[in-house]
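Biologist: I am new to this structure and would love a close look at a single part of it. Could you pick a spot and walk me through it slowly?

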Amino acid sequence: MSAAGPSAVRVARILAGDARAGAALMRDIDDGAVSAAEDLAALYPHAGQAFVVGITGPPGAGKSTVVDALIPLLRARGDQVGVVAVDPSSPFSGGAILGDRIRMQRHAPDDGTFIRSLATRGELGGLSRATAGVVNVLAAMGKGVILIETVGVGQDEIDVAALADTVVVIAVPGMGDDVQTLKAGILEVADVLAVNKADRDGAQLTARDLEAMLALRAEVARSAGAAVAPPPVEVILMSAGRGDGVDELLAAVDRHRHRQIATGGFAARRLRRADAELRAALGHRLRVALDQRLAAIGGLSALLADVAARRVDPYSVADALLR
């Protein structure tokens with residue numbers, strides 16, 4: 001179905017679990033089609049029940065392998081699964097360099113699993129600007145568990161914490177100073193830490209280092225008189241490529257989920273997600289309005305020439321465009 005306008009038929013098909021209709025809307029969201037927002041608005045009230053798990057960590061940690069190994073475990077217990085795999089952008093096409101059909105094509109025949117690759121398109125923080133919208137489409141399609149695999153850019157890849165109910169950070173031994181790689185930003189968003197490729201030398205040491213860092217964080221919080229102690233974070237050893245420890249990882253994710261339900265922790269996370277979604281919607285609206293304004297005045301060329309010649313300053317031009 002095309003993106004010619006809002007479609008009650010497409011919305012109804014998505015709510016009925018139609019993968020083709022869902023894929024079409026996801027494509028429109030990724031392309032920035034204006035009409036996609038109207039369909040998303042219609043779906044939004046029906047998209048709040050999914051449990052969203054973020055899988056993040058440094059490049060080479062095996063995030064794709066972990067996601068691939070989790071899917072059959074989730075399906076075996078009856079969960080409908082959605083996967084959003086965020087990949088680096090091609091400098092030529094702008095599309096995702098790595099594709100879900102290459103990495104996870106063994107799950108393609110399963111109607112209970114839907115996998116969508118998204119290119120970062122220059123976005124920082126490990127996600128694509130389309131991620132939140134695609135997650136909502138998957139939830140509206142009835143996917144009860146949604147896995148978000150981030151692009152793997154290193155320490156600053158923390159945007160997933162705004163969308164996920166549970167964040168799994170994947171570490172791996174043998175990549176230099178493992179804890180140093182993780183400690184800035186990304187470690188602080190972890191609800192579960194998984195040391196992957198545990199059959200390698202140094203895995204036990206990496207796990208002990210992470211546990212020591214978590215203990216130190218708790219001690220620092222106590223010494224500072226923090227009213228609330230940092231939440232417990234489990235450290236799991238696994239080797240996803242061999243299938244070892246994947247069930248322990250899923251059990252740890254389930255335990256975090258149940259703790260959050262019992263303590264009301266999900267309420268704060270859903271507020272954080274609402275904040276991220278609202279900011280993304282505002283950003284999209286501003287980009288559309290700016291494009292329309294630039295088109296009306298003949299594009300950026302004349303403005304850029306004036307700024308380059310310092311006849312005007314970029315701040316005043318920005319204010320004028322926004323007005």
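Modeller: Happy to; we will start with how far to trust the model, then visit a pair of strands and finish at one arginine.

Please keep in mind that this is a predicted model. Its mean pLDDT is 84, and 85% of the residues reach 70 or more. Two stretches call for care: residues 1-5 have pLDDT below 50, with 11 contacts in the model beyond near neighbours in sequence. Residues 90-97 also fall below 50, and that stretch has 16 such contacts. Where pLDDT is low, the predicted coordinates should not be read in detail.

Now to the strands. Strand β6 covers residues 192-195 and strand β7 covers residues 234-237; four bridges pair them in the parallel sense. To find one of these on your screen, look for Ala-194, whose bridge partner in β7 is Ile-236. Helix α8, residues 203-223, joins with β6 and β7 in a β-α-β unit, and that unit is right-handed.

From β7 we can step across to our arginine. Glu-234, a residue of β7 by its numbering, is in contact with Arg-259. Arg-259 itself sits in helix α9, which spans residues 246-263. Setting aside neighbours within four places in sequence, Arg-259 also touches Pro-232. Those two residues are 27 apart along the chain, and their C-alpha atoms are separated by 10.0 Å. Is Arg-259 buried, exposed or partly exposed? Its relative accessible area is 29%, so Arg-259 counts as partly exposed.

Conventions. Residues are numbered from 1 along each chain as its sequence is written. This is a predicted model: local features need pLDDT of at least 70, side-chain atom pairs count only at pLDDT 80 or more; totals for chains, interfaces and linings use all residues. Side-chain values use heavy atoms; hydrogens and water are left out. Two strands pair if DSSP finds at least two bridges between them. Helices (H or I, at least four residues) and strands (E, at least two) are DSSP runs, numbered from the N terminus. A crossover is right-handed if, with the strands pointing away from the viewer, the path from the first strand over the helix to the second runs clockwise. pLDDT is the predictor's confidence in each residue, from 0 to 100. Contact means heavy atoms within 4.5 Å. Buried means under 20% relative accessible area, exposed over 50%, partly exposed in between (1.4 Å probe, protein chains only).
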